[in-house]
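Me: I am new to reading protein models. Could you take me through this one in short steps?

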Amino acid sequence: MKEAKEGGMKEAKDSWTDVIYNRRSGEFLGRTSSSWGLILLFYLVFYGVLAGMFSLTIWVLLQTLDENVPRHQDRIANPGLVIHPHTSEIIFNRSNAADYSQYTQQLHNLLQWYNDSVQGSNDLCLVGEYTEQEHTAIKKVCQFKRSILQQCSGLGDSSFGYADGKPCVLIKMNRVVGLKPQGDPYIHCTAKSDAQLRIQYFPEEARLDKMFFPYYGKKAHVSKSVCPKKTILTIINTTNLSLNSPTTCSRWLLSSCCFLNRIMTQS
């Protein structure tokens, strides 16, 4: 009885180990080496074909794309405007430089790319004319020198007017590949309340000169500057030094606008 029991246990152990590796038939997990080889070869070919088909479709898709021009631009036909400093409210005490230092630092960081020494490497373009370069591989970039912003350049007045309660606010237009605005595009800002404001624009009349258009994409339109298309404006309160006025700015002829919730200065 004892010998029979031991024999049954040995057979059970042998049958369990045979599932992993059968020494009699040379099978591993129920398959011979030749069977495993055929299966591995099948999956190698199968997934190789899938990878090849996927790579082919991606290659065909890339041949239809232009590396300089987005395929779909229907949602950005009219460029938006961005306000600098980046904030919905500009509130500061003009007597305390720490109150407005965050705003002036943002302007300095952005305008450093437009220093005259940096822009000198860019090209002089014809004012009032489109700079069309359809058949040129490397597009030239027109100069936009910081000095033409005058009081809002930060060169003569490092506080950008904040120390005098006359803060400069930069309005930057987003770039859209191929955009050629019709007419004479400009930016216009108005107060949303009855506050008496005098708004001074730099460059003059907030005109966006046509020589900065069209834009051909960052790979073709190589420049040392961030964006050659922008306008600086100064908002000046002529009646008192405490200004709490929502202001809206629109880019006419392209129906884009931005909204600055409030500018408040205190003496």
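**Links, turns and buried residues**

Me: This is a predicted model. How many disulfides does a search of the whole structure find?
Reply: A disulfide is a covalent bond between the sulfur atoms of two cysteines. One pair here is Cys-125 and Cys-142, with sulfur atoms 2.0 Å apart. Another is Cys-152 and Cys-168, also with S to S 2.0 Å. The search of the whole structure gives a total of two.

Me: Is the disulfide of Cys-125 and Cys-142 left-handed or right-handed?
Reply: Look at the torsion about the S-S bond. For Cys-125 and Cys-142 it is about -100 degrees, so the disulfide is left-handed.

Me: How many residues apart in sequence are the parts that Cys-152 and Cys-168 tie together?
Reply: The disulfide joins Cys-152 to Cys-168. Cys-152 lies in the loop between H4 and S5, and Cys-168 lies in strand S5. The pair therefore ties together parts whose separation in sequence, in residues, is 16.

Me: Which residue does a cis peptide bond join to Phe-213?
Reply: Omega of this bond is about -10 degrees. The partner lies in the loop between S7 and S8. The residue is Pro-214.

Me: Is Phe-160 buried or exposed?
Reply: Phe-160 lies in the loop between H4 and S5. Phe-160 has a positive phi of about 55 degrees, although it is not a glycine. Buried means under 20% relative accessible area. Phe-160 has 1%, so it is buried.

Note on methods: Residues are numbered from 1 along each chain as its sequence is written. This is a predicted model: local features need pLDDT of at least 70, side-chain atom pairs count only at pLDDT 80 or more; totals for chains, interfaces and linings use all residues. Side-chain values use heavy atoms; hydrogens and water are left out. A disulfide is a pair of cysteine sulfur atoms within 2.5 Å. Helices (H or I, at least four residues) and strands (E, at least two) are DSSP runs, numbered from the N terminus. Buried means under 20% relative accessible area, exposed over 50%, partly exposed in between (1.4 Å probe, protein chains only).
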